[in-house]
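Q: Please take a close look at the surroundings of the ligand in this model. Which residues and elements make up the shell, and where are the polar contacts?

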Amino acid sequence: MDLGIAGKWALVCAASKGLGKGCATALVREGANVVITARGDAVLQATAAELRALAPGVQVIAVAGDITTEAGRAAALAAAPQVDILVNNAGGPPPGDFRDWKREDWIAAVDANMLSPIELMRATVDQMAERGYGRVVNITSSAVKAPIDFLGLSNGARSGLTGFVAGTARQVRLASRNVTINNLLPGAFDTDRLRIGFAGQAKKQGLSVEQVLEARRKTVPAQRLGNPQEFGSVCAFLCSQQAGYLTGQNVLVDGGAYPGMF
Ligand code: NAD
């Protein structure tokens, strides 16, 4: 299926690795030009080179910077001639116990996982509406639907973003102008972040990383972890011409792990 996004400009945040890279890859395969960001320049440049090799006619611009800062967001926005597609992403907050978190920890989580995506939407969605095409995908987490006790910072900050999106996506001045805003909720995906978490758990429990992985796989009806490429494909569909009537939704991609009906 041709998703009808060849030649569109996408800003994909936090995309040198993992889920962000999966999204950028799928968009580039569809012929979209991309601006990708990450904090570390070396890995980002290597990812940009991989993307260019996938689709030689497509433009790939790499902007190193912290997307949770004003300067990082300004640099990312300045690099794109226009933003037709915005994929919001950043590293997730650390796990822990709320008894140990101070105000600064909460501010950092809210900044990264709620306010940064909102600021990027603020900078782009009205111009998308003027042009009559816009797609925003926020990478959040399955923990928004099924909160995890030790991820309180993530549960809290991402729920704030989810509430904001639920209202804003339904603004007539956006929805009637072919601008959609959706959240994409990953379950367990095989990325560096997940493996680092598993390594920590393995150490605590005196197990090997493979044993922790195996136990995790068994909790998913699909009996495996997701891979970032399949996550990217769902993202690309949400960004497509075909998905123009799909807005304000929370789309879970979790191999069936969430047990509820809705
Ligand atoms: P990852 O560590 O594999 O990749 C993260 C990417 O983000 C890297 O490219 C890194 O350079 C970049 N990055 C991190 N902080 C940044 C910042 N402040 N500014 C710019 N770039 C930044 O992680 P991932 O597994 O792809 O996770 C992406 C997001 O999805 C995270 O918020 C994570 O909490 C969330 N998530 C992941 C899973 C999973 O199973 N992997 C599940 C639920 C939620």
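A: By class, the shell around the ligand in this predicted model is made up of 11 polar, 10 nonpolar and six charged residues. Altogether 27 residues surround the ligand, and the closest are Ser16, Leu19, Ala90, Phe189 and Thr191. Leu19, which is among these closest residues, also takes part through its backbone, where an N or O atom lies 2.8 Å from an oxygen atom of the ligand. A second backbone approach is made by Gly91, of which a polar backbone atom is 3.2 Å from a nitrogen atom of the ligand. With Arg193 the side chain is involved, since one of its polar atoms lies 3.0 Å from an oxygen atom of the ligand. Of the 830 Å² of accessible area that the ligand has on its own, the protein covers 90%. The elements that give two or more residues to the shell are helix 1, spanning 18–29, and helix 7, spanning 192–205, and of the elements it is helix 7 that gives the most, with three residues.

To turn from the ligand to another part of the model, Thr168 is found in helix 5, which covers residues 152–168. Thr168 counts as buried because its relative accessibility is 14%, which is under the 20% cut-off for that class. Leaving aside residues up to four places away in sequence, Thr168 touches Leu174 and Ile181.

How values were computed:
Residues are numbered from 1 along each chain as its sequence is written. This is a predicted model: local features need pLDDT of at least 70, side-chain atom pairs count only at pLDDT 80 or more; totals for chains, interfaces and linings use all residues. Side-chain values use heavy atoms; hydrogens and water are left out. Helices (H or I, at least four residues) and strands (E, at least two) are DSSP runs, numbered from the N terminus. Buried means under 20% relative accessible area, exposed over 50%, partly exposed in between (1.4 Å probe, protein chains only). Contact means heavy atoms within 4.5 Å. A residue is near a molecule or strand if one of its heavy atoms lies within 4 Å of it. A polar contact is a pair of N or O atoms within 3.5 Å; within protein, one must be able to donate a hydrogen and the other to accept it, and residues adjacent in sequence count only if both atoms are side-chain atoms. Accessible areas come from the Shrake-Rupley method with a 1.4 Å probe; for residues, only the protein chains shown count as cover. Ala, Val, Leu, Ile, Met, Phe, Trp, Tyr, Cys and Pro count as nonpolar, Asp, Glu, Lys and Arg as charged, and the others, Gly among them, as polar.
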